[in-house]
Amino acid sequence: MLDPRLLRESPDIVRAAIAKKHLQVDLDAVIALDNAWRALLQETESLRSRQKAANNDMAKLPKGSPEFIAKVAEMRAVSAQVKEKETALKAAEEKCRAAMLSLPNIPHASVPEGATPEQNVVFSTHGDIAALVSAHAKPHYDIPGFNKLFDFDRGAKVTGAGFPFYVGDGAKIVRALLQFFLDEDTKAGYTEVNPPIFVNEASATAVGQLPDKEGMMYETIPDRFYAIPTAETPLTNFFRDEIVDEAALPICRCAYTPCFRREAGSHGKDVRGLNRLHQFDKVELLKWVHPSTSYAEHDKLRNDAERLLQKLELPYRVLLMCGGDLGFSQSKKYDLEVWSGGQQRWLEVSSCSNFESFQARRAQIRFRAKDGKPELVHTINGSGLAIPRVLSALLENNLQADGRIKIPAALVPYFGKEYLTFL
RNA sequence: GGAGAGGUGGCAGAGUGGUCGAAUGCGCCUGACUCGAAAUCAGGUGUGCCGGCAACGGUACCGUGGGUUCGAAUCCCACCCUCUCCGCCA
């Protein structure tokens with residue numbers, strides 16, 4: 001959510017932000033709703049003020065006295081008016097809040113102009129893609145024996161499409177990657193957290209998944225919990241409605257969780273094999289930072305995620321997202337894409353985003369500044385990293401002529417052997 | 001799942017219909033005393049929203065949401081959470 005004062009004082013900044021993100025929002029309607037709400041609030045509060053003054057007078061009067069009885073009669077009418085106004089006020093407030101929630105975050109000045117993913121800027125490229133071209137290269141789902149270690153058919157039987165079983169070395173490579181990521185992230189200064197993987201409605205709302213993305217999440221009956229689409233959801237809510245110690249900032253945490261995404265409407269080549277799943281494992285990095293260090297911490301977090309790909313010796317590139325491809329709630333975002341040599345395509349394995357105070361305002365996460373006034377923190381997060389696509393690149397890029405997969409040196413201590421075998 | 005108790009400011013803890021944003025204690029901040037500190041004494045010390053350049057004014061908040069009433073921290077209803085006992089169970 002944006003600061004309402006920004007809308008009132010500098011609507012042009014908001015207008016420019018909407019344009020840069022290539023969104024359609026009727027800003028004037030939002031402003032009108034805000035004005036209407038404020039006018040109604042004034043009226044209601046002055047009525048209540050009158051009511052309060054009368055109450056104080058009545059407290060001094062003897063209960064049964066004629067003056068008292070007259071006051072009761074008089075205030076009965078005011079009370080009815082207050083109730084009426086309060087009902088109207090509540091409706092106006094809800095409309096206004098909904099309208100405010102429809103306003104996107106302001107993109108940072110360094111975000112490039114652009115409407116489509118093609119206009120994202122390649123920020124940096126690492127590793128040698130050409131070296132991966134070989135005669136036996138193939139998509140991971142076509143590698144002989146793939147279905148033994150990554151059993152999609154039985155997963156479909158037991159649960160549904162996109163819920164594979166990982167078997168034998170398949171399970172072990174997932175565990176090795178998770179352990180490796182968590183160890184590296186911890187070394188980089190992130191405190192490991194093991195959060196709940198279901199959240200309530202308030203938590204989903206605070207990070208912006210509700211309203212709007214309810215169709216993307218699995219919901220439980222009868223408790224109305226949501227299966228988390230990312231560890232960002234429970235992690236960000238850790239400090240919801242709290243004022244944290246300024247000296248503790250930045251607070252850096254990492255968490256492994258399974259992630260659940262309905263991905264309604266996704267079909268075709270993009271979703272084959274490990275490319276897109278309804279349940280997958282991911283380690284998330286998250287920081288609560290002081291606004292003054294926000295972008296430096298954002299860069300650091302991106303570097304922390306990049307280091308993981310470097311240690312796994314996977315070629316990757318970093319995209320700086322243009323305004324049109326920036327999410328609704330982000331001020332700036334880098335995507336890390338790993339090169340998948342068999343499919344000959346880039347796969348997104350991490351989005352490193354700075355939300356500035358957009359999430360913190362909704363979630364009411366603040367710190368006490370030196371002058372004593374609470375101030376909103378900035379939140380930053382990114383994957384470090386998502387397992388299936390890293391795995392898919394690992395399988396494709398490291399496929400040997402004999403059908404085995406060479407395990408990167410950094411991962412060998414975790415995996416326990418130098419090769420993964422399918423058959 | 002059953003029975004009972006309870007949820008009040010940073011913490012502890014009073015308050016059962018009106019002058020209560022809320023006693024008191026602790027903590028914290030400022031000042032006095034002191035070479036300095038401790039102790040002591042005096043004063044201060046929640047958050048949001050609206051209006052205002054500001055000083056400040058208004059209003060809301062006693063787990064959450066409804067209700068009763070001229071008036072609710074206080075009474076009624078629902079829900080959430082915590083604790084105790086019983087039951088069940090990884």
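Which two side chains meet in a salt bridge with an N to O distance of 2.9 Å? They are those of D169 and K417, and I will start from that pair before moving to the rest of the chain. What you see above is a predicted model, in which local features need pLDDT of at least 70, side-chain atom pairs count only at pLDDT 80 or more, and totals for chains, interfaces and linings use all residues. Residues are numbered from 1 along each chain as its sequence is written, chains are lettered from A and ligands numbered from 1 in the order in which they are written, and side-chain values use heavy atoms, with hydrogens and water left out.

By salt bridge I mean a side-chain nitrogen of Lys or Arg within 4 Å of a carboxyl oxygen of Asp or Glu, and the structure holds 23 of them. The pair of D169 and K417 links distant parts of the chain, with D169 in helix α7 (residues 169-187) and K417 in the loop between α13 (412-415) and β17 (419-420), 248 residues apart. Helices here are DSSP runs of H or I with at least four residues, strands are runs of E with at least two, and both are numbered from the N terminus. For burial, taken with a 1.4 Å probe on protein chains only, buried means under 20% relative accessible area, exposed means over 50%, and partly exposed lies in between. On that scale D169 counts as buried because its relative accessibility is 13%, whereas K417, at 33%, is partly exposed.

Two further pairs deserve a mention. R240 forms a salt bridge with D241, their closest N and O atoms being 3.9 Å apart; R240 is partly exposed at 23% relative accessibility, while D241 is exposed at 56%. The side chains of D402 and R404 also meet in a salt bridge, at 3.0 Å from N to O, and R404 is partly exposed, with a relative accessible area of 31%. In addition, salt bridges that share partners join R8, D34 and R38 into one network.

Turning to the helices, α2 (residues 11-20) and α3 (residues 27-60) have axes that come within 11 Å and cross at roughly 145°, where axes are lines fitted to C-alpha atoms, for helices over the stretch in contact, and angles run from 0 to 180 degrees between N-to-C directions. On the α2 side the contact (heavy atoms within 4.5 Å) is made by P11, V14, R15 and I18, and on the α3 side by L27, D28 and I31.

Helix α10 (residues 294-311) allows a check on geometry: its 18 residues should span 26 Å at 1.5 Å a residue, and its end C-alpha atoms are 26 Å apart, which agrees; the expected span is 1.5 Å times one less than the number of residues. Among the buried residues of α10 are Y295, H298, R302 and L309, and just after this helix E313 takes a positive phi of about 60°.

What does the side chain of R362 reach at 2.7 Å? It is the backbone oxygen of T205. R362 lies in helix α11 (residues 358-363) and is buried, with a relative accessible area of 16%.

Finally, for the whole of chain A, there are 13 helices and 17 strands, and the C-alpha atoms fill a box of roughly 100 × 45 × 40 Å, taken along the principal axes. Buried residues make up 49% of the 423 residues.

Key: Polar contact = N/O pair within 3.5 Å; in protein donor to acceptor, adjacent residues only side chain to side chain.
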